[in-house]
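Here are my notes on this model, point by point. Please read them with the structure open.

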Amino acid sequence: QPAKWFVVHYYGTPIDDMITTLAQHAVDRGLGEAAVYWISSCALNPHARGSQVKQAATEALPFAQALKAVDGVVSIIDREGEALHRAWTGFELYVAFTMRGASLLHDMYAVAGDHDKPVGLLDGYAMID
């Protein structure tokens, strides 16, 4: 089943935070329980990434291929904000918007503070709006 959303995240993000965040995103977007996300840390070998980047044109990279088919990107900002300091997350966003431009939705979520409920900023309307 093809993914409809591409997830940009810091690879050190706790999996519980990622699952909670994507579950909230699915509710906010009205995607239902059958929502499909492309998560690069689950789809790529992180140790082979350097060689993949060197050997292929950007458009041929596996994550770039995934970006061609999705409706949007979900950026997950971890509790420490590491996603904002990582070159790879910036590179994924750069490739996404260079390839797709304004046709690609971009939602941003963070789990912050003393509560565990993710807070999102959506590109367009949420189901609650």
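**Salt bridges and two helices**

1. R86 and E82 form a salt bridge, with 3.3 Å between the closest N and O atoms. Bear in mind that this is a predicted model. R86 is partly exposed at 38% relative accessibility. E82 is partly exposed too, with a relative accessible area of 26%.

2. How many salt bridges does the structure hold? There are three. Side chains of opposite charge can pair when their charged atoms come close. The other two pairs are D17 with R79 and D107 with R29.

3. In the D17 and R79 salt bridge, N and O are 2.9 Å apart. This pair links distant parts of the chain. D17 sits in helix α1, and R79 sits in the loop between β3 and α5, 62 residues apart. Is each partner buried or partly exposed? D17 is buried, because its relative accessible area is 13% and the cut-off for buried is under 20%. R79 is partly exposed, with a relative accessible area of 36%.

4. D107 and R29 meet through their side chains at 2.8 Å, N to O. D107 belongs to strand β4 and R29 to helix α1, so this salt bridge ties together parts that are 78 residues apart in sequence. Both ends are buried: D107 has 0% relative accessibility, and R29 has 16%.

5. D107 has a second partner to check. Its side chain makes a polar contact of 2.8 Å with the side chain of H25. H25 is in helix α1. H25 is buried, with a relative accessible area of 0%. Which residues does H25 touch, leaving out those up to four places away in sequence? They are W5, L31, Y37, V74, D107 and Y109.

6. Now helix α1 as a whole. It runs over residues 15-29, 15 residues in total. From first C-alpha to last it reaches 21 Å, close to the 21 Å expected at 1.5 Å a residue. Its buried residues are D17, M18, T21, L22, Q24, H25, A26, D28 and R29. Among the elements that cover them are β1 (5-9), β2 (37-39), β3 (72-77) and β4 (105-110). Just after the helix, G30 takes a positive phi of about 70°.

7. Helix α5 has 14 residues, 87-100. It reaches 20 Å between its first and last C-alpha, close to the 20 Å expected at 1.5 Å a residue. Buried here are W88, T89, E92, V95 and A96. Why do these residues line one face of the helix? Seen down the axis of α5, the buried residues fall within an arc of 130°, so they line one face. The general rule helps: an α-helix has 3.6 residues a turn, so residues three or four places apart point the same way.

8. What does α5 carry on the face turned away from its buried side? That face has the exposed residues A87, Y94 and T98. Just after α5, G101 takes a positive phi of about 60°.

9. To recap for the reader: helix α1 supplies D17 to the salt bridge with R79. Helix α1 also supplies R29 to the salt bridge with D107 of strand β4. H25 of α1 makes a side-chain polar contact with D107.

Conventions:
Residues are numbered from 1 along each chain as its sequence is written. This is a predicted model: local features need pLDDT of at least 70, side-chain atom pairs count only at pLDDT 80 or more; totals for chains, interfaces and linings use all residues. Side-chain values use heavy atoms; hydrogens and water are left out. Helices (H or I, at least four residues) and strands (E, at least two) are DSSP runs, numbered from the N terminus. The expected span of a helix is 1.5 Å times one less than its number of residues. Buried means under 20% relative accessible area, exposed over 50%, partly exposed in between (1.4 Å probe, protein chains only). Contact means heavy atoms within 4.5 Å. The arc is that of the directions from the helix axis to the C-beta atoms. A salt bridge is a side-chain nitrogen of Lys or Arg within 4 Å of a carboxyl oxygen of Asp or Glu. A polar contact is a pair of N or O atoms within 3.5 Å; within protein, one must be able to donate a hydrogen and the other to accept it, and residues adjacent in sequence count only if both atoms are side-chain atoms.
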